[in-house]
Amino acid sequence: MVRGKTQMKRIENAASRQVTFSKRRNGLLKKAFELSVLCDAEVALIIFSPRGKLYEFSSSSMSKTIERYEKREKDNIGINNKLAAVDQNTQNVKEDAQSMAKKIELLEISKQKLLGKGLEPCSLNELNQLETNLEQSLSRIRERKNLLFRQQIEKLKQECGMNPSPWSTSTEEETMEVETELFIGPPERRRIQNP
């Protein structure tokens, strides 16, 4: 006689349910015993019947096996927490890398604009701002260059035994403004004034 496949759902008949529980419990306890003997495994099995009766099997001490299980679970929770922290840290590093990549890209675009490349998408306001920034930078560069020239001239005069001029300075803070006719931009925007 061939057995049919048992459907996995609750058995409605109470007597049939009790018989099935008893048979399957005994089979499960037998399998746990066989596993512990054949494979030298530490096995602990706890079963509560529908009426609350306890059935248990342990290949060694039940309390030692439960303590071992609880310790292992605590270790697993600690490992999982560490892995979660590592994952969070990795996510933060990825976000920082993406942010830095965006900043580098913006700096590269700004550099290209300062070199006069990639100006086609710029609006008039952006071009005016870029022109102002370049003029300010050029002014600071000229101030620094003039200061270095003056310092070098004074040094050469001292080496040659000449008297330093009254307009000379050795500090960076005192600078002399020099007006030049050099202008960056379209020529029609600026007219030269005659004195």
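Phe21, Arg25, Ala32 and Ser36 are the buried residues of helix α1 in this predicted model, buried meaning under 20% relative accessible area, exposed over 50% and partly exposed in between, with a 1.4 Å probe and protein chains only. Among the elements that cover them are β1 and β2. Helices (H or I, at least four residues) and strands (E, at least two) are DSSP runs, numbered from the N terminus. An α-helix has 3.6 residues a turn, so residues three or four places apart point the same way.

The model is predicted: local features need pLDDT of at least 70 and side-chain atom pairs count only at pLDDT 80 or more, while totals for chains, interfaces and linings use all residues. Residues are numbered from 1 along each chain as its sequence is written, and side-chain values use heavy atoms, with hydrogens and water left out.

The protein has 3 helices and 2 strands, in the order α-β-β-α-α from the N terminus. Two of the helices are set out below, where the expected span is 1.5 Å times one less than the number of residues.

| Helix | Residues | Expected span | Distance between end C-alpha atoms |
|---|---|---|---|
| α1 | 26 residues | 38 Å | 37 Å |
| α2 (62-114) | 53 residues | 78 Å | 77 Å |

For α1 the end-to-end distance agrees with the expected span, and for α2 it agrees as well. Gly116 follows α2 and has a positive phi, near 85 degrees.

The largest nonpolar core consists of Phe21, Ala32, Val43, Leu45, Ile47, Tyr55 and Phe57. Helix α1 (14-39), strand β1 (44-48) and strand β2 each contribute at least two of these residues. A nonpolar core is a set of buried Ala, Val, Leu, Ile, Met, Phe, Trp, Tyr and Cys residues joined through side-chain atoms within 4.5 Å. Beyond its neighbours within four places in sequence, Ile47 is in contact (heavy atoms within 4.5 Å) with Phe21, Arg25, Leu28, Leu29, Lys53, Leu54 and Tyr55.

Leu54 lies in strand β2 (residues 54-58) and is partly exposed, at 42% relative accessible area. Together with Ile46, Phe48 and Ile66, Leu54 forms a nonpolar surface patch of about 370 Å² accessible area, areas being computed by the Shrake-Rupley method with a 1.4 Å probe and, for residues, only the protein chains shown as cover.

Over the whole protein, 11% of the 195 residues are buried. The accessible surface is about 17300 Å², with 56% belonging to carbon and sulfur atoms. Of the contacts between residues at least 6 apart in sequence, 32% join residues at least 24 apart.

Key:
Patch = residues over 30% accessible without salt bridge, like charges linked within 9 Å, V, L, I, M, F, W, Y side chains within 5 Å. Salt bridge = Lys/Arg side-chain N within 4 Å of Asp/Glu carboxyl O.
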